[in-house]
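Reader: I am new to this structure and would be grateful for a guided look at its strands and its nonpolar interior. Might we begin once it is in view?

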Amino acid sequence: TSNDVVISIRLGRDYLGMHRYRLLLGDYFKIILDNIEYDRVFITSQDPHNPILEDLYKYDPIFLDHISALHTFNFVRLFNKIILSQSTYSWWAAYLSKAAEIYFPITKDGPWSYGRDQRSKWRGYKHDLMVDEPRYNYVSYQEESIVGDYDTTRSYLGI
């Protein structure tokens with residue numbers, strides 16, 4: 001339904017290998033699920049039954065097994081409410097969707113991050129995953145809260 005929510009969680013080789021530091025655990029997704037209205041929770045991931053996701057079992061999620069990248073991408077695009085992990089793949093699926101609500105983390109590290117040691121490092125590239133669209137809501141894992149829209153988040157980050 002239009003009130004169902006999908007969580008697109010990146011658990012592939014990049015997130016369980018050398019980029020493990022970027023992995024967002026179940027407690028990140030709980031910040032959002034505990035603060036929005038929804039009917040059912042769907043979870044799509046390369047490894048939807050990974051023990052890392054046990055924190056989300058209390059929401060009685062419906063898991064979609066990852067059949068192919070295109071299948072998962074299009075599945076995410078079907079939803080009106082999308083919760084994303086720190087993943088450009090998931091970001092593109094949401095961006096190209098017609099979703100009314102998209103929840104995206106304020107990234108912790110990497111070229112689109114705003115961590116204390118990252119802001120000046122990446123500012124020179126003049127690109128990031130924050131977009132000035134009313135459907136995007138940015139989430140602070142550190143503050144355990146939904147910060148808000150583009151302008152509110154930029155002010156919160158001091159940029």
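Author: One term is needed beforehand: two strands pair if DSSP finds at least two bridges between them. Please also bear in mind that this is a predicted model.

Reader: Which residue of β3 is the bridge partner of Thr 44?

Author: Strand β2 covers residues 41–45, and four bridges join β2 to strand β3, residues 62–65. These two strands run parallel. The bridge partner of Thr 44 in β3 is Leu 64.

Reader: Which residue stands opposite Val 41 in β2?

Author: Strand β1, residues 5–9, is joined to β2 by five bridges. β1 and β2 run parallel. Opposite Val 41 stands Val 5.

Reader: How many of the five residues of β2 are buried?

Author: Buried here means under 20% relative accessible area. On one side of β2, Val 41, Ile 43 and Ser 45 are buried, and on the other side Phe 42 and Thr 44 are buried as well. Both faces are thus covered, and the number of buried residues is five of five.

Reader: Which residues touch the most other members of the largest nonpolar core?

Author: In soluble globular proteins, nonpolar side chains tend to be buried together. The largest nonpolar core here has 24 residues. Elements that give two or more residues to this core include β4 (81–84) and β6 (136–140). The residues that touch the most other members are Val 6, Ile 82, Tyr 136 and Tyr 138.

Reader: How many residues form the second, separate core?

Author: Among the members of this second core are Ile 7, Val 41, Leu 53 and Tyr 103. It is separate from the largest core, and its residues number 19.

Technical notes
Residues are numbered from 1 along each chain as its sequence is written. This is a predicted model: local features need pLDDT of at least 70, side-chain atom pairs count only at pLDDT 80 or more; totals for chains, interfaces and linings use all residues. Side-chain values use heavy atoms; hydrogens and water are left out. Buried means under 20% relative accessible area, exposed over 50%, partly exposed in between (1.4 Å probe, protein chains only). A nonpolar core is a set of buried Ala, Val, Leu, Ile, Met, Phe, Trp, Tyr and Cys residues joined through side-chain atoms within 4.5 Å.
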